[in-house]
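Colleague: I have a few questions about this model. Can you take me through them step by step?

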Amino acid sequence: MPRRLHNHFMTSTVWDDFPFRDDDIIIATYMKSGTTWMQQIVSQLLFDGAEGLDLQALSPWVDLRTLPPETRAALHHQPHRRFLKTHLPADAVKMSNNAKYIHVGRDTAWSLHNHHYNATDAYFERYNAEVEHLPPLTRGTANVHEFYQNWLTSDGHPMWSFWDHNRTWWALRAQPNVKFVHYNDLKSNLPGTIKSVAAFLEIDLPADRLALITSHCTFDYMKAHAGQMAPRGGASWQGGAETFNNKGQTGRWRDTLTPAEIAAYEAKAQAELGPDCAQWLEHGGPV
């Protein structure tokens with residue numbers, strides 16, 4: 001039985017009686033780790049490079065606590081191969097031996113600050129509704145140093161445990177139906193990463209299709225079409241979808257933190273994840 005996890009954002013019990021199909025694809029990430037980018041890649045592979053897709057309707061966050069029931073119910077009627085999104089740790093997800101799981105990793109705290117601090121008041125009202133047993137979710141500080149320190153020392157606050165999430169997925173890295181992709185690899189070799197995802201999903205990918213799909217998965221393309229791809233069209237963030245997409249960079253925290261702060265992060269990552277997982281999470285590469 002999967003572990004129960006409930007917070008402001010997620011409820012794991014929706015997976016308990018979820019009727020899997022044998023060809024389902026589950027995109028599993030910690031928040032702001034490249035989720036929408038991987039959703040776009042998979043959508044392009046499934047829909048042969050089509051434009052104008054409603055990405056969030058096709059691929060909803062299944063365990064989102066505030067997801068309308070009709071959106072979750074509509075998944076059962078999708079005629080195409082389904083590709084779904086979860087932010088849960090692996091031991092809180094009902095696993096299917098026949099589904100394919102793509103886990104995307106990233107050093108994520110800087111993007112989390114932008115994502116959380118620049119959310120609208122309605123965002124906080126929505127996630128605070130009907131969770132009286134939890135402390136209120138608040139906007140917190142504009143200071144990225146303070147946000148980062150709080151996130152590091154409070155186990156992922158104001159989100160959920162970053163270490164727990166990555167540790168539980170890392171434990172499944174040898175499973176044949178689980179693929180690890182790092183944000184850095186998407187940045188450094190987008191065509192090669194798309195090819196490897198297609199191979200994992202057993203999707204034929206001719207060279208001309210690869211070129212088209214790659215062009216639809218660049219950061220610039222996604223930024224230009226952010227309103228079609230961001231959750232709620234970007235309405236949950238001040239500045240809209242442009243804020244949601246932010247900069248698409250990696251390692252920016254190393255340019256801002258002090259040497260002592262960097263050392264504290266590295267020591268924490270090693271202690272929580274072990275050397276191999278900590279190394280992969282920071283740099284990427286094959287698993």
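Colleague: Which residue caps the N-terminal end of H6?

Modeller: Bear in mind that this is a predicted model. Look for a side-chain oxygen that lies 2.8 Å from the backbone nitrogen of His-145. The residue that carries this oxygen, and so caps the N-terminal end of H6, is Asn-143.

Colleague: On which side of H6 do its buried residues lie, the same or opposite sides?

Modeller: Helix H6 spans residues 144-153, and its buried residues are Phe-147, Tyr-148, Trp-151 and Leu-152. They cover an arc of only 125 degrees around the axis, so they lie on the same side of H6. An α-helix has 3.6 residues a turn, so residues three or four places apart point the same way. For the buried residues of H6, the answer is the same side.

Colleague: Which strands stand at the edges of the sheet?

Modeller: The sheet is open, with 4 parallel strands in the order E2-E1-E3-E4. An edge strand here has a single partner strand, so one side is left without a neighbour in the sheet. That picks out E2 (83-86) and E4 (178-182).

Colleague: What is the average twist from one strand to the next?

Modeller: Take the strands in their order, E2-E1-E3-E4. From one to the next, the twist averages 25 degrees.

Colleague: Which residue in E4 stands opposite Tyr-101?

Modeller: Strand E3 covers residues 100-105. E3 and E4 run parallel, joined by 5 bridges. Opposite Tyr-101, in E4, stands Val-178.

Colleague: What angle does the direction of helix H9 make with that of E4?

Modeller: Helix H9 (residues 190-200) packs on the sheet and touches E3 and E4. Its direction and that of E4 make an angle of about 170 degrees.

Terms used
Residues are numbered from 1 along each chain as its sequence is written. This is a predicted model: local features need pLDDT of at least 70, side-chain atom pairs count only at pLDDT 80 or more; totals for chains, interfaces and linings use all residues. Side-chain values use heavy atoms; hydrogens and water are left out. Buried means under 20% relative accessible area, exposed over 50%, partly exposed in between (1.4 Å probe, protein chains only). Helices (H or I, at least four residues) and strands (E, at least two) are DSSP runs, numbered from the N terminus. The arc is that of the directions from the helix axis to the C-beta atoms. A polar contact is a pair of N or O atoms within 3.5 Å; within protein, one must be able to donate a hydrogen and the other to accept it, and residues adjacent in sequence count only if both atoms are side-chain atoms. Two strands pair if DSSP finds at least two bridges between them. Axes are lines fitted to C-alpha atoms, for helices over the stretch in contact, and angles run from 0 to 180 degrees between N-to-C directions. Contact means heavy atoms within 4.5 Å.
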